[in-house]
Amino acid sequence: LSPRGYDPIAALHGGEPVGRKIMNVLGNSPHDLGSRSGLTNLALKTEFAKLYGSESVKEATAGSASDEEDTIGNRAGLINREKLLAWCMSTGLSRNSRLNAVLSPCIVDESSRKEDGTIQIKPNTQTRFFTDDTQHGLCIVLGLAELLGFDLERDMPQALYVVRRLQKWMKKEFVLPQEKVTAGSKIVSDAKDVSETSAPQAFGVKSVQELKRFLQLDVFSETPELNAEGVLKNSGLMARL
């Protein structure tokens, strides 16, 4: 969803180079999807409005075709060759013998044992399949989308659905449940347990500008400006002045 020039972050589909190549050749790169969905333009307009005001956006876009509400975001036909890609994914996963060794994270529910010996199992929400991939995976993506001004219900319905379903099993609230969403509420920022995730909002980041400053923090708490000033003060040049 980033403009050209941010490829090290935006152009990554994952660690599988063949799959990424196929997606790019079919015109489904992040740049392509962001452009076709209108989300890249929407994010830029939203940030421009925050920095310079909505009137400046109107002046800057005067004479250009405006994005209609129903043409922005996730919609049918957005992904090229979607049915073919879905078939390839389904076939690959269903016939991948290596996945047979991956056991589902479940625990036996002894209280459900019946007279005929049948017993139920339920998801083990304490495993990394839940604790890692939910809070420190999908929640980050949803948090970033919220910062960019996207409508999560409209633009990321699948990711939002997955997190809402998993958090219900985990008895957590990483995003607002659908029944709690009201006009003006923030699905990620207003969630009760957002602090347990790695979403930007968990670190107090509520805007793109704050995210930029946050990402500039040094992991060793170093301040490059002060360090440079200290070196300059102790330099031979300053000693002669």
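**Exercise 1. Determine how Arg164 is placed with respect to the surface, and which side chain it meets in a salt bridge.**

Solution. Begin with accessibility: Arg164 has a relative accessible area of 15% and is therefore buried, where buried stands for under 20% relative accessible area, exposed for over 50%, and partly exposed for what lies in between (1.4 Å probe, protein chains only). Next, look at the partner: the side chain of Arg164 meets that of Glu153 in a salt bridge, with 2.9 Å from N to O; the term requires a side-chain nitrogen of Lys or Arg within 4 Å of a carboxyl oxygen of Asp or Glu. This pair links distant parts of the chain, since Glu153 lies in helix 9 (residues 152–155) and Arg164 in helix 10 (residues 157–170), 11 residues apart. Helices (H or I, at least four residues) and strands (E, at least two) are DSSP runs, numbered from the N terminus. Finally, Glu153 has a relative accessible area of 30%, so that it counts as partly exposed.

The model is a predicted one, in which local features need pLDDT of at least 70 and side-chain atom pairs count only at pLDDT 80 or more, while totals for chains, interfaces and linings use all residues. Residues are numbered from 1 along each chain as its sequence is written, and side-chain values use heavy atoms, with hydrogens and water left out.

**Exercise 2. Describe the salt bridges Arg154–Asp155 and Lys192–Asp193, and state how exposed each partner is.**

Solution. The structure holds seven salt bridges, among them these two. In the pair of Arg154 and Asp155 the side chains meet at 2.6 Å, N to O; Arg154 is partly exposed, with a relative accessible area of 22%, whereas Asp155 is buried at 7%. In the pair of Lys192 and Asp193 the closest N and O atoms are 3.3 Å apart; here Lys192 is exposed, with a relative accessible area of 58%, and Asp193 is buried at 9%.

**Exercise 3. Follow the chain from Ser29 through helix 3 to Gly38, and explain how the buried residues of the helix are arranged.**

Solution. Start in the loop between helix 2 (17–25) and helix 3, which is the place of Ser29. Ser29 counts as buried because its relative accessibility is 10%, and its side chain is joined to that of Asp32 by a polar contact of 2.9 Å. Such a contact is a pair of N or O atoms within 3.5 Å; within protein, one must be able to donate a hydrogen and the other to accept it, and residues adjacent in sequence count only if both atoms are side-chain atoms. Then move into helix 3 (residues 30–37), where Pro30, His31, Gly34 and Ser37 are buried. They are on the same side of helix 3 because they cover an arc of only 145 degrees around the axis, the arc being that of the directions from the helix axis to the C-beta atoms. Just after helix 3, Gly38 takes a positive phi of about 85 degrees.

**Exercise 4. Find the residues with a positive phi that are not glycines, Arg81 and Lys171, and compare their settings.**

Solution. Arg81 has a positive phi of about 55 degrees although it is not a glycine; its place is in the loop between helix 5 (54–60) and helix 6, and it counts as exposed because its relative accessibility is 55%. Lys171, likewise not a glycine, has a positive phi of about 60 degrees. Lys171 is found in the loop between helix 10 and helix 11 (208–215), and its relative accessibility of 71% makes it exposed.

**Exercise 5. Set the surroundings of Thr134 beside those of Met89.**

Solution. Thr134 is found in helix 8 (residues 134–147) and counts as buried, its relative accessibility being 0%. Leaving aside neighbours within four places in sequence, Thr134 is in contact (heavy atoms within 4.5 Å) with Phe129, Cys139, Val163, Leu166, Met170 and Phe174. Met89, in helix 6 (residues 82–94), counts as exposed at 53% relative accessibility. Together with Leu93, Leu99, Val102 and Phe129, Met89 forms a nonpolar patch on the surface, with about 470 Å² of accessible area. Patches are made of residues with over 30% relative accessible area and no salt bridge, like charges being joined within 9 Å and nonpolar side chains (Val, Leu, Ile, Met, Phe, Trp, Tyr) within 5 Å; accessible areas come from the Shrake-Rupley method with a 1.4 Å probe, and for residues only the protein chains shown count as cover.
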